Amino acid sequence: HKHSLEMQLTIYRLEKQMKVGKEYRFPNYQRLLWYVGRDFLEECDKHTKSVSPTSPASTESDGGDQMQDSTPVLDAEAKMTQRRTQKLCTKYPLHILRGYCALGKELQRWAGSKNKQHAEQYPPGMDVVVIANQLSEMMAECLTYLDNKASEKLRKERNSQDREKKKEERALAKAQAEAKRAERQIAKAEAEAKKAERQMERQKQIQARKEEAERKRVEREMKKAAKVEERRKNLEKEYEEVAWAQCDGCDEWREVPKEVEESRQAKIEQLQAGGNTANELPFYCSEVGE
């Protein structure tokens with residue numbers, strides 16, 4: 001459709017650059033655009049058919065011959081072109097005219113190309129060079145007219161802006177004074193904020209040092225407690241491995257190795273199993289080698 005010709009042509013060029021397969025592209029797209037250009041020219045001709053050139057002035061020479069002056073003819077053609085351009089620019093919005101301008105340039109490129117693929121897409125019986133040139137010239141005239149109109153509008157806007165500029169300058173001077181005052185206040189607030197930040201940072205550092213000292217103290221206490229606990233367990237282990245017994249001969253207490261004590265307990269259990277009710281066996285120093 002005519003509302004996005006520029007984008008459609010851009011997409012078409014991208015598809016060719018990216019070598020998109022024909023099965024994914026619009027078939028006979030170039031031929032379709034030739035018909036689009038021709039139909040638009042016919043539509044423009046219908047819309048501007050009421051525009052007619054002014055009859056050129058003629059002068060009579062001394063010999064009675066009539067000579068047509070070239071200057072009035074050129075002026076009449078220029079006025080006719082200007083009126084036609086005005087009507088087209090009034091009928092069509094800018095984005096449509098820009099789209100047909102891009103189409104005209106593309107058609108000119110295709111018409112002047114020697115590529116066989118472009119030639120195969122020429123519609124039969126159509127003078128592609130004339131169509132491309134007419135469309136490009138017409139759109140160039142429209143865009144030039146719109147640019148001139150935009151320039152005139154811009155000039156008026158600038159004049160209006162110049163009138164407002166002095167008023168704005170006075171307001172700006174006042175605003176600048178207010179801004180400087182605000183900047184001083186902001187600078188003062190920033191200085192206070194930095195001071196508070198430094199104080200907070202120092203407090204954090206002091207707190208971090210205290211926490212680090214407390215952590216190290218706790219670690220020392222835990223290591224000390226672990227050593228004490230380890231020593232206690234070692235002592236308990238030593239006491240568990242040593243048994244004491246009183247000699248029935250000399251009444252002295254002797255250290256009894258764990259394996260000797262286990263052997264005595266095994267004998268007691270054997271006696272009890274045999275019906276003996278004795279809970280102890282006589283112990284002598286000779287049993288531990290003393």
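Let me start towards the end of the chain, with Ser-286, which sits in the segment after helix H7, the helix that spans 258–273. Ser-286 counts as exposed, because its relative accessibility is 57% and the cut-off for that class is over 50%. In sequence Ser-286 and Gly-249 are 37 residues apart, while in space their C-alpha atoms are 10.0 Å apart. I should say at once that what we are looking at is a predicted model, and every value I quote is to be taken in that light.

Stepping back to the chain as a whole, the secondary structure amounts to 7 helices and 4 strands, and, read from the N terminus, the order of elements is α-α-β-β-α-α-α-α-β-β-α. The chain has 290 residues, of which 18% count as buried. The exposed area comes to about 22,500 Å², with carbon and sulfur atoms supplying 51% of it. As for contacts with a separation of 6 or more, 70% of them are accounted for by residues 24 or more positions apart.

One residue on the buried side is Thr-85, which is placed in helix H3, residues 70–91. Thr-85 counts as buried because its relative accessibility is 5%, and buried means under 20%. Leaving aside residues up to four places away in sequence, Thr-85 touches Glu-141, Cys-142 and Tyr-145.

Let me turn now to the charged side chains. As a general point, side chains of opposite charge can pair when their charged atoms come close. In this model the count comes to 11 salt bridges, and I will go through some of them.

In helix H2, residues 29–47, Arg-38 and Glu-42 are separated by about one helical turn, because they are 4 residues apart. These two form a salt bridge in which the closest N and O atoms are 3.9 Å apart, a value to be read against a criterion of within 4 Å. Arg-38 is partly exposed, with a relative accessible area of 30%, and Glu-42 is likewise partly exposed, at 40%.

In helix H4, residues 94–111, we find Glu-106 and Arg-109, which are 3 residues apart, about one turn of the helix. Their salt bridge has its closest N and O atoms 2.5 Å apart. Which of the two partners is buried and which is partly exposed? Glu-106 is buried, with a relative accessible area of 6%, whereas Arg-109 is partly exposed, at 45%. The pair also belongs to a network of salt bridges that links Arg-13, Glu-106 and Arg-109.

The last pair I want to show is in helix H6, where Glu-212 and Arg-215 lie 3 residues apart, again about one turn of the helix. Their side chains meet in a salt bridge, with an N to O distance of 2.2 Å. Glu-212 is partly exposed, with a relative accessible area of 32%, and Arg-215 also counts as partly exposed, at 37% relative accessibility.

Helix H6, residues 128–241, is also where Lys-194 is found. Which residues gather with Lys-194 in a patch of positive charge on the surface? They are Lys-195, Arg-198 and Arg-202. Lys-194 counts as exposed because its relative accessibility is 51%, which can be set against the cut-off of over 50%.

Technical notes. Residues numbered from 1 in each chain as written. Predicted model: local features only at pLDDT ≥ 70, side-chain atom pairs only at ≥ 80, totals over all residues. Heavy atoms only, no water. Helix = DSSP H or I, 4+ residues; strand = E, 2+ residues; numbered from the N terminus. Buried < 20%, exposed > 50% of the residue type's maximum accessible area, 1.4 Å probe, protein only. Contact = heavy atoms within 4.5 Å. Patch = residues over 30% accessible without salt bridge, like charges linked within 9 Å, V, L, I, M, F, W, Y side chains within 5 Å. Areas by Shrake-Rupley, 256 points an atom, 1.4 Å probe, with all protein chains shown as cover. Lys, Arg positive; Asp, Glu negative; His and termini not counted. Charge placed at Lys NZ, Arg CZ, Asp CG, Glu CD.
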